[in-house]
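Q: Please take a close look at the salt bridges of this model, following the acidic and basic side chains to the places where they sit. A connected account, with the cut-offs stated, would be most useful.

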Amino acid sequence: MSPSRLRLALTLCLLPMLLCSFGAAFAAQQPWTVDDLLNQESLGTAALSTDGKLAAYTVSRWEADKEDKGKKRRAHQLYLVDLESGAAASDDVTATKLTHGGERIGSIAFSPDGMSLAFTSDRDVPGPTKTKGSQLWLLPLSGGEARPLTRFSRGVQSFDWVDDDSLLVARAESASGLERRRKGLGDTTRSVDDPLDSPPVRLWRVPLDGRPERLTLNDDWIQQLDVDPAGKRAVIYASNSLSYVFDSKVPPTAWIVDLETGERTAIDLAGSRSAGGFRWSPDGGSVWFSQNHSTHPIYRSATIARPVRWDAASGRAEVLDTGWSRGLGGSPMPVSGGALAVFDDGVFARPVLIPETGGHRPLDGEAAGEDLRYGHRILAASDDGRSVLWVMSASDRPTQLYAARLDTARTGVEAMQQLTKLNESFESKPMPRVEVLHFQGAEGDQVEGLLHYPVGWQDGDAPAPLVLAPHGGPASHDRHAWDFRWSYPNLLLQQRGAFVLEVNYHGSDGYGIAWAESIETRYYELEIPDLEAGVDHVIERGLADPERLAVAGWSNGGILAAKLITVTDRYRAAIIGAADVEWVSDWANVDFGGSFDNYYFGGPPWERLDHYLEKSPFFQLPEVTTPALVHTGTEDRAVPPHQSWSIFRVMQQVEKTDVKLLLYPGEGHGLRKLGHQRRKVEEDMAWMDRYLFATQDEGSAAFERVVPEDSLLAAKLARGEAATSNGVFGRLADGVLVPELVPLKVGDTFLDVGRFEVTRAQWAAFDSDYAIAPGTDDHPITGLSLEEAKGYVEWLAARLGRELRLPTTAEADKMAGSGGNTLDRWLGHKANPDDATSIRRTLSQRGISLLESVGSGSPRRDHDAAAAVFDLDGNAAEWATDDDGGRAVGPSADRSSNEALFEGGEGHEANEPQTDYVGLRVVAEPAV
């Protein structure tokens, strides 16, 4: 039967079925990838004009470095929204992009009159003066480019507006003569905690037109500042000791500074040894801040935040009784009559208004719905409290910035408007279910946690693997908030079919001071039972498979992971990031070692040596049988890298299980370089694939380490993953050979794409009259018209009961690669138009074809995609559709990759694919 008659017969027979099958469109969901994690946009900071009519915010993303295009850096862009324009009441908010460079932007602030924006940035300052760090810049909102207001040799640390014509800046003093001489000699020696090597941080007044002037000659180190509404005074918070972070002996002091004279007066902190978030009230009558509260007389390792109000008239400060014992989730934001704040409430949040006299009034209203439980941060508020910028997210809802309009008289939310549309591609990704758990932990206490379900989980499914992911801290906690990051790439694990369990164990904040302080001198004793109880709870519910458990964490999460594998062998894999196992040496080698270890272990090592040794898992590591992947930055001052070396060397030398140590040169406690973040995540996934999911054996892991992805050897093995039937590529559908489709990222979306070009053997299943030349079953079918290609796709769609199509020209252009089977490959160089024409003519006359079997070249394999896709970089050009019908797209064996020919222009005709080199590839929207 001819192809046309066969198509007609099948269409008539299958039409009723097709109408039923495709009456509802497939909901296309694209898989999560490592690139999604690494390249996601992040919200930075935000500001409101004093009257609440304008909002500004920053968004960061990875962009090419201006100096080195081969590298990327985290760059910020600044946006402006007019909240009074009417756009904020619609679904589509128009944000004006104010910057276009690849620089970092720190703090931002509107001038009092709302006519300008000041911000700190490390962008290059024009002119001969050499600057270092972030400088202060001014951007007029009436139009024009930003200009630098400072050209300091050391960067600006903080700033605020004094009035419309000047700003107040804190920055470290300029280099002394001794420092300059040492630098000239190449001396980079650092004297630890030495004031001579750590110049004081002082105040400067910076006019919009004129030279900055030093305002103070203080000998301490200013950390925070805020100017009162009248521009006459500033509140500052200054450190008095360079060793305070380590030993907590001499706490910082808050001062009121007279901006005319520079004189300063210490203020009452209501007994606070540690505080933050100092802000003046709109009337200038008080200063609000948060106190890091602990019952310990010295150390502040485990705290909750409480609101404090200092009254300017009386000079007294008062810790306000809010009637809420779990603490603040940030510093209070002063508004008329009180302050807006967010209460910690375990995994959720409670936005409130705190009156000046104490107590609290919950923020609610129909416009808010249940969403306010996910409003974890207030970034800015207008003086009258009517306008608020809110950061909101959930575990299954990526972070966005919202503008809220409040009725402060009744603390109602009148309107809530989303200002940002970050990571829009995530809307087509699967958002797995998340559940808030409560179970009995250590000492019979109720413990709260979050259980993240596998992608596609259905009630009644068989028990699945579980990854326990303890948070850092320990005085931190997991929130029902978006948290997809290199240190905890949970969605990639869920996509592989695992549950991820987060537990807010004893010692976490967010549950009150008693819970945070419960592990003082009892480190490990309550957290480990809590974590184990959480795992047992999920197993008992029939969700997790007890034979497929793993643990993964960073910082304190890594510390707990390392401890767990010394007390139980039930975990099949462990990922240990930046973890301690030996506490004696930790005490002196961490920037905050004295305060942390003295608090959690009850004193320094020489006083409690036996206790330190008892608490150190180092001595139990020889018995560990759980395979462990260990990560550390070589410059980590929070958890020293020698601790990771200790884990590695013990397990390596004892040889009871596998262990691997990854060092990240130049990195501190967090990985900042994109390449390092990628390596960490990919190594994590490979480790779990091998030891938890059992999808990769030792040989495969070794192969991936030594064989380049783009090598012919890698391509040969990748072809072995392809479906075959009777020795030819493709799969059988009701006894008929059809192409295999696999997911491929095309631009910002995913499509199901033919792994290969349609082969001659597959075409013969459609056209019974087609004769295959011996030995060419797996060669691409070519010599087709666009209509013939469409006819095959229609037939295949009917056969498979699925919507299929040719790619659009835009999609095909994005898929097209280079370096494969092209004329240049055969010649060894790029052909000019005359050579290309001559060679093609001669080959045609002699009946020589340059086509090869599909899959002869290197594949394209997207990160975390299910399989490799071949021949996008050559062999046969492929039909694609557009508004004019269609055209053949992509490299082919008879054409040069010379860009001048390939993109058109003079000589373009000499590089058009010949009919004998035009085939097709099938695509489809991802099936549910």
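**Salt bridges and their surroundings**

A: D813 has a relative accessibility of 41% and therefore counts as partly exposed, a class that falls between buried (under 20% relative accessible area) and exposed (over 50%), as computed with a 1.4 Å probe on protein chains only. The model is predicted, so local features need pLDDT of at least 70 and side-chain atom pairs count only at pLDDT 80 or more, whereas totals for chains, interfaces and linings use all residues. Residues are numbered from 1 along each chain as its sequence is written, and side-chain values use heavy atoms, with hydrogens and water left out.

The partner of D813 is R887, which counts as partly exposed because its relative accessibility is 35%. The two side chains meet in a salt bridge at 3.2 Å, N to O, the term standing for a side-chain nitrogen of Lys or Arg within 4 Å of a carboxyl oxygen of Asp or Glu. Because D813 belongs to helix 18 (residues 809-815) and R887 to strand 44 (residues 885-889), this pair ties together parts that lie 74 residues apart in sequence; helices (H or I, at least four residues) and strands (E, at least two) are DSSP runs, numbered from the N terminus.

A second pair is formed by R840 and D894, whose closest N and O atoms are 3.4 Å apart. R840 lies in helix 20 (residues 833-846) and D894 in the loop between strand 44 and helix 21 (899-902), so parts that are 54 residues apart in sequence are tied together by this pair. R840 is buried because its relative accessible area is 11%, and D894 counts as buried because its relative accessibility is 2%.

Elsewhere, salt bridges that share partners join E173, R202, R214 and D219 into one network. Within this network, D219 forms a salt bridge with R202, with the closest N and O atoms 3.5 Å apart. This pair links distant parts of the chain, 17 residues apart, since D219 is in the loop between strand 12 (213-214) and strand 13 (221-227), while R202 is in strand 11 (residues 201-207). D219 counts as exposed because its relative accessibility is 62%, whereas R202, at 11%, counts as buried.

The pairs described here are among the 45 salt bridges that the structure holds.
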